[in-house]
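Dear colleague,

Please find below the structure that I am handing over to you. I would be grateful if you could read the notes beneath it with the model open.

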Amino acid sequence: MSKKQEYGNDSISMLKGADRVRKRPGVIFGSDDLEGCIHSFFEILSNSIDEAREGHGKQIIVTRFKDGSLQVEDFGRGIPLDYNPKEQRFNWELVYCELYAGAKYDNNAAGDYEYSLGLNGLGACATQYSSEFFEVTVFRDKTKYSLSFKKGEPVGELVKEPYRFNRTGTIQRWKPDSEVFTDTVVPFERLKDIVKKQSVVNGGIEFVLKDEATGSEEHFLCPNGIAGYCQELSNMKGFTEPYFFEAEGRGRDSEDRPVYNVKVQVALCFNNEVNEIQYFHNSSFLEHGGSPDKAVKNALVYTIDKEIKARDKYKANESKIKFEDVQDSLILVSSTFSTQTSYENQTKKAINNKFIQDFMTDLIKTNLEIWFIENKQLGDKVVEQILINKRSRENAEKARTSMKNKLTVKIDIANKIKKFHDCKSKDSSIRELYIVEGDSAMGSIILARDSEFQGVMPIRGKILNCLKANYEQIFKSEIITDLIKVLGCGVEIKDKHNKDLSAFNIDQLRWNKIIICTDADVDGFQIRTLVATMIYRLAPTLIEQGYVYIAESPLFEITAKSKGKNSVEKTYFAYSDKEKSDIVKKLEGQTITIQRSKGLGENTKEMMAETTMNPKSRRLIRVTPDDAERTAEMFDLLLGDNLEGRKRHIEQEGYMYLEMLDLS
């Protein structure tokens with residue numbers, strides 16, 4: 001055992017050079033996983049965007065290479081790399097080898113960049129430090145500059161060559177280092193999403209995205225900015241057109257803070273099918289919002305509440321609307337810029353500037369009030385829809401408590417589920433639950449089961465069609481809530497008002513197999529489908545992970561008696577017409593009796609054990625949808641509201657199921 005080092009004066013050490021980032025990437029990039037890797041890419045991209053937004057170049061080209069390296073090329077002024085007499089060092093050292101070195105510290109005093117994404121002088125250096133290799137090519141002053149790094153260290157000297165063309169700009173290519181990030185392969189779709197959003201908030205700048213592996217090339221240019229993006233998100237389904245407004249101002253966050261410039265753009269519309277809110281600041285997407293989010297919530301709730309009161313639409317003693325009622329029907333995109341920005345951290349996912357919040361709140365209130373005055377009929381429609389959202393939420397909240405109580409009841413001696421027969425074993429890796437059709441079938445299965453590991457849960461008649469019913473109707477069904485309790489894993493709720501009920505935990509599932517067991521007739525098939533639909537709606541993970549099975553019941557019982565003195569009688573089971581024919585052929589010459597299989601409740605204990613319960617001789621069909629969307633479409637076709645589609649399906653495919661019917 002090694003001797004534990006004492007904590008003393010020599011215990012304190014300092015990271016130097018590239019190790020400041022390579023050993024602690026999360027400090028700069030937020031994490032050392034894919035998200036951190038993507039953030040390092042955005043640091044380089046944002047420098048090119050800052051150049052273009054200041055009017056230097058109108059195109060930025062992003063390339064993903066086969067080896068996983070990335071490249072950002074711009075047509076700006078080109079990063080100065082030569083000797084800096086003021087700092088008495090080369091600028092390439094300051095930009096790529098020093099944290100907190102850059103040209104964006106004087107933005108508020110008419111510096112080189114008024115509104116910039118980069119503020120701290122960290123991005124280029126930190127990305128270089130965290131790369132397997134990093135190559136820079138700069139065109140400026142009729143000179144081509146070349147520079148290379150490997151794992152945070154320069155390779156060779158700065159190379160300068162005469163360049164007779166007028167082209168200016170910067171090309172930076174690098175490969176994220178797997179020694180720094182746990183995942184270095186940036187998905188093309190993530191790059192596409194970033195580039196698309198940047199084209200939206202930087203209207204007029206063209207972004208080109210290339211992928212060497214596929215040879216694809218996509219162009220993004222949004223001359224209408226966030227107004228056009230809002231229209232795109234609405235997808236022509238909004239009940240109001242996008243409303244765009246903007247303003248500029250100057251103020252400070254507090255008396256002891258400097259005065260700074262602010263520019264705010266907002267585009268919004270109301271839509272019942274889509275809701276989306278996106279905030280950007282100095283082009284950076286604010287995942288967590290911060291000041292703009294507070295402004296939007298305050299302004300919209302205040303203004304719409306005021307309009308509801310003015311129209312006398314609240315019922316007596318009705319509570320005030322909440323922002324989630326507005327959000328249910330809202331598409332809003334905001335883009336703010338400021339010469340002083342207070343980000344929550346280096347990852348720039350939220351800002352907390354007080355003046356931006358106040359300025360934006362007043363701007364939205366003023367413009368929304370004007371919109372309501374100028375659009376009386378549309379204003380009425382918005383008010384009515386927000387109240388519908390509110391009352392729907394409140395109704396859901398009223399039902400939530402009782403539903404939650406039903407779903408979280410534990411199965412114990414004091415709280416037995418009616419007619420549920422548990423098994424003895426507590427080992428969920430071997431336990432099997434048979435969901436059976438009716439009491440008579442349950443009786444046969446109880447006699448034939450192995451009580452050590454097989455439990456039985458009867459369902460009474462045809463259960464609710466969970467695809468068509470809402471959650472309130474579903475959880476009023478005692479059969480369904482009892483079954484959910486027996487499963488033990490909870491439910492997966494996909495309703496915006498009932499997310500609290502989604503307490504699904506696969507580790508709490510009490511069974512290794514969930515076996516749906518019904519008669520092999522039309523009613524049995526329908527009940528089977530309804531149970532499978534219920535599981536698909538309330539716990540789809542059980543199907544996706546292969547826990548759900550169907551017990552295949554035999555259609556025919558074939559008894560064969562051999563001829564002669566020592567004749568032997570033997571019983572065979574056929575699960576289809578073809579299988580029946582094959583068995584009959586093999587038994588040629590014997591006395592054969594073929595009987596259509598009875599319902600489960602009429603089967604003998606021995607037959608049930610052999611055909612349905614015994615793992616060695618039973619037949620189970622695992623329910624495994626290869627395509628969840630296709631499964632949903634089929635459930636909807638068979639059990640949903642598409643009457644015309646169902647009729648057409650029966651006409652075209654119905655003959656395939658005729659053998660299920662007893663037409664004798």
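The notes below go through one helix, one sheet, one cavity and several single residues. Please bear in mind throughout that this is a predicted model.

Helix H7

Helix H7 covers residues 225-234, and its buried residues are Gly225, Ile226, Tyr229, Cys230, Leu233 and Ser234. Viewed down the axis of H7, these residues fall within an arc of 165°, and they therefore line one face of the helix. As a general point, an α-helix has 3.6 residues a turn, so residues three or four places apart point the same way. What do the buried residues of H7 pack against? Their partners are helix H6 (188-201) and four strands, namely E12 (243-251), E13 (260-270), E14 (276-281) and E17 (330-338). Just after H7, asparagine 235 adopts a positive phi of about 55°.

The sheet

The strands that pack against H7 also appear in an open sheet of 5 strands, which runs in the order E12-E13-E17-E14-E15 with mixed pairing. Its edge strands are E12 and E15 (284-285), each of which pairs on one side only. Between E14 and E15 the pairing is antiparallel and extends over 2 bridges. Histidine 281 has serine 284, in E15, as its bridge partner.

Glutamine 198 in helix H6

Helix H6 contains glutamine 198. Is this residue buried or exposed? Its relative accessibility is 2%, so glutamine 198 counts as buried. Leaving aside residues up to four places away in sequence, glutamine 198 touches Phe42, Leu45, Ile49, Phe207, Ser283 and Ser284. Ser284 in this list is also the bridge partner of histidine 281.

The cavity

The search gave 1 cavity of 30 Å³ or more, and the volume of the largest cavity is about 40 Å³. Its lining is formed by Ile484, Leu487, Gly490, Val491, Met534, Ile535, Leu538 and Ala539. Helix H14 (478-487) and helix H15 (522-538) are the elements that give two or more residues to this lining. H15 gives the most, with 3 residues. By character, the lining residues divide into 7 nonpolar, 1 polar and no charged.

Lysine 513 in strand E21

Lysine 513 belongs to strand E21, which spans residues 513-517. With a relative accessibility of 19%, lysine 513 counts as buried, because the cut-off for that class is under 20%. Apart from residues up to four places away in sequence, lysine 513 touches Arg431, Glu432, Leu433, Tyr547, Tyr549, Arg618 and Leu620. Lysine 513 and serine 429 are 84 residues apart in sequence, and their C-alpha atoms are 8.7 Å apart in space.

Two further residues with positive phi

Lysine 151 is not a glycine, yet it has a positive phi of about 50°. This lysine is located in the loop between strand E6 (143-150) and strand E7 (153-154), and it is partly exposed, with a relative accessible area of 30%. Asparagine 317, likewise not a glycine, has a positive phi of about 65°. The loop between helix H8 (291-310) and helix H9 (323-327) holds asparagine 317. At 84% relative accessibility, asparagine 317 counts as exposed.

With kind regards

How values were computed: Residues are numbered from 1 along each chain as its sequence is written. This is a predicted model: local features need pLDDT of at least 70, side-chain atom pairs count only at pLDDT 80 or more; totals for chains, interfaces and linings use all residues. Side-chain values use heavy atoms; hydrogens and water are left out. Buried means under 20% relative accessible area, exposed over 50%, partly exposed in between (1.4 Å probe, protein chains only). The arc is that of the directions from the helix axis to the C-beta atoms. Contact means heavy atoms within 4.5 Å. On a 1 Å grid over the protein atoms alone, a cavity is a set of points where a 1.4 Å probe fits but cannot get out, and a pocket is an open set with protein on both sides within 12 Å along at least five of seven lines; lining residues have an atom within 4 Å of a point. Grid points are joined across faces, edges and corners, and a volume is the space filled by probe spheres set on the points. Ala, Val, Leu, Ile, Met, Phe, Trp, Tyr, Cys and Pro count as nonpolar, Asp, Glu, Lys and Arg as charged, and the others, Gly among them, as polar. Two strands pair if DSSP finds at least two bridges between them.
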